[in-house]
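This report describes the packing of helices and strands in the model shown below. It begins with the sheet and then moves on to the helices and the nonpolar cores.

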Amino acid sequence: MHAEVREVSRSLRRLPALYAEIAEELNSSRRKGERVSGGRPVGIPLNDEAVAVRSTITSVLSCWAQLVVEEREVRPPPRDVAAMAAFLDEHATWLCAHPAGEDFRAEVADLESSAALLVGGPARTVPVGSCVHEGCPGALVALLPAKGGHQQPEVLCDHNGTHHWPARHWGRLSRQRTA
C-alpha cells in the first residue's frame, strides 16, 4: 500500500505545475481541418484539448476532495488546483485505503499522464538513491521532462513532498549524498 500512496502523492504534487503549464497551451489552437475561404476565424482561437484537460483536472480533484470532506467531516479546500491537490495529498493514505481507492489512484495517474502528454510528453523518472534528510525513509527520484516540455527537471523524495531539489541545487544534493 505504501508504494501506491507514494506514487499518487508524487502525481498530486506534479499536477499543479502541469496545470499551470497547460495554460501556456490554451491559445495555441491545434484545430485541424479545412479553412473555408472568405473570412477570418471567429472568436478567440483556443486549444480545445488544453481546455478539456484543465477542466477535467479541476473536476476530478474537486470530486475526490468532496468525498474526503463528506466522509471525514473536514473543511473543504479552496476550489483551486494547487489547494485541492495538496488537500488530497494530505489524505492520500486514507483515500488509497478507501473502497474507491483503486479508482482514485487510476484517475490521478490518468490526470498526470494526460497533462504531461499535452505539455511535451511524459517525464522520465530516474532513481537517485535514499533521501538525504535524516530519518526520512524515502527514495529520491529525478524527474526529467520530455524534450520540448516546459517543466524544469527536479529531484523529489517519494515519501515527503517538501524534500525536493530543482536542477540548480543538484550540486548541493550531490555533496549531501556523499557526506
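## The sheet

Strand 1, residues 124-130, is joined to strand 2 by six bridges, and the two strands run antiparallel. One of the pairs places Ser130 opposite Ala139, its bridge partner in strand 2. The model is a predicted one, and the pairings described here are to be read as features of that prediction.

Strand 2 (139-144) is followed, after a loop, by strand 3 (154-157), and these two strands also pair in the antiparallel sense, over four bridges. Within strand 3, Leu156 is the residue that stands opposite Val141. Taken as a whole, the sheet is open and consists of four strands in the order 1-2-3-4, with antiparallel pairing. Strand 1 and strand 4 (164-166) each have a single partner strand and stand at the edges, so one side of each is left without a neighbour in the sheet. From one strand to the next, the twist averages 20 degrees.

## Cover over the strands

Strand 2 is mostly covered, since five of its six residues are buried. Helix 6, made up of residues 170-178, lies across strand 1, strand 2, strand 3 and strand 4, and it runs at about 135 degrees to strand 4.

Pro145 lies in the loop between strand 2 and strand 3. With a relative accessible area of 26%, Pro145 is above the 20% below which a residue counts as buried and is therefore classed as partly exposed. Pro145 and Val119 are separated by 26 residues in sequence, while their C-alpha atoms are 9.5 Å apart in space.

## The nonpolar cores

The largest nonpolar core has 33 residues, and those with the most contacts inside it are Leu12, Ile22, Ile57, Leu61, Trp64, Leu88 and Phe104. At least two residues of this core come from each of helix 1 (2-23), helix 2 (48-72), helix 3 (81-90), helix 4 (92-97) and helix 5 (101-118). Helix 2 gives the most to this core, with ten residues.

Another core, of nine residues, lies apart from the largest one, and Leu140, Leu144, Trp165 and Leu173 are among its members. As for Ile57, when its neighbours within four places in sequence are left aside, this residue is in contact with Leu15, Tyr19, Ile22, Val81, Leu111 and Ala115.

## Helix 1 against helix 3

How are helix 1 and helix 3 oriented, roughly parallel or roughly antiparallel to each other? The two helices pack at an angle of about 180 degrees, with their axes 9 Å apart. The angle is over 145 degrees, and helix 1 and helix 3 are therefore roughly antiparallel to each other.

On the side of helix 1, the contact is made by Ser9, Leu12, Arg13, Pro16 and Tyr19, whereas helix 3 contributes Val81, Ala82, Ala85, Leu88 and Asp89. By residue class, the contact of helix 1 with helix 3 divides into seven nonpolar residues, one polar residue and two charged residues.

## The loop after helix 2

Glu73 lies in the loop between helix 2 and helix 3. Although Glu73 is not a glycine, it has a positive phi of about 55 degrees. Is Glu73 buried or exposed? Its relative accessibility is 72%, which is over 50%, so Glu73 counts as exposed.

Note on methods
Residues numbered from 1 in each chain as written. Predicted model: local features only at pLDDT ≥ 70, side-chain atom pairs only at ≥ 80, totals over all residues. Heavy atoms only, no water. Core = buried A, V, L, I, M, F, W, Y, C linked by side-chain atoms within 4.5 Å. Buried < 20%, exposed > 50% of the residue type's maximum accessible area, 1.4 Å probe, protein only. Contact = heavy atoms within 4.5 Å. Axes fitted to C-alpha atoms, helices over the stretch in contact; angles between N-to-C directions. Parallel < 35°, antiparallel > 145°, perpendicular 65-115°, else oblique. Nonpolar A, V, L, I, M, F, W, Y, C, P; charged D, E, K, R; others polar. Pairing = 2+ DSSP bridges.
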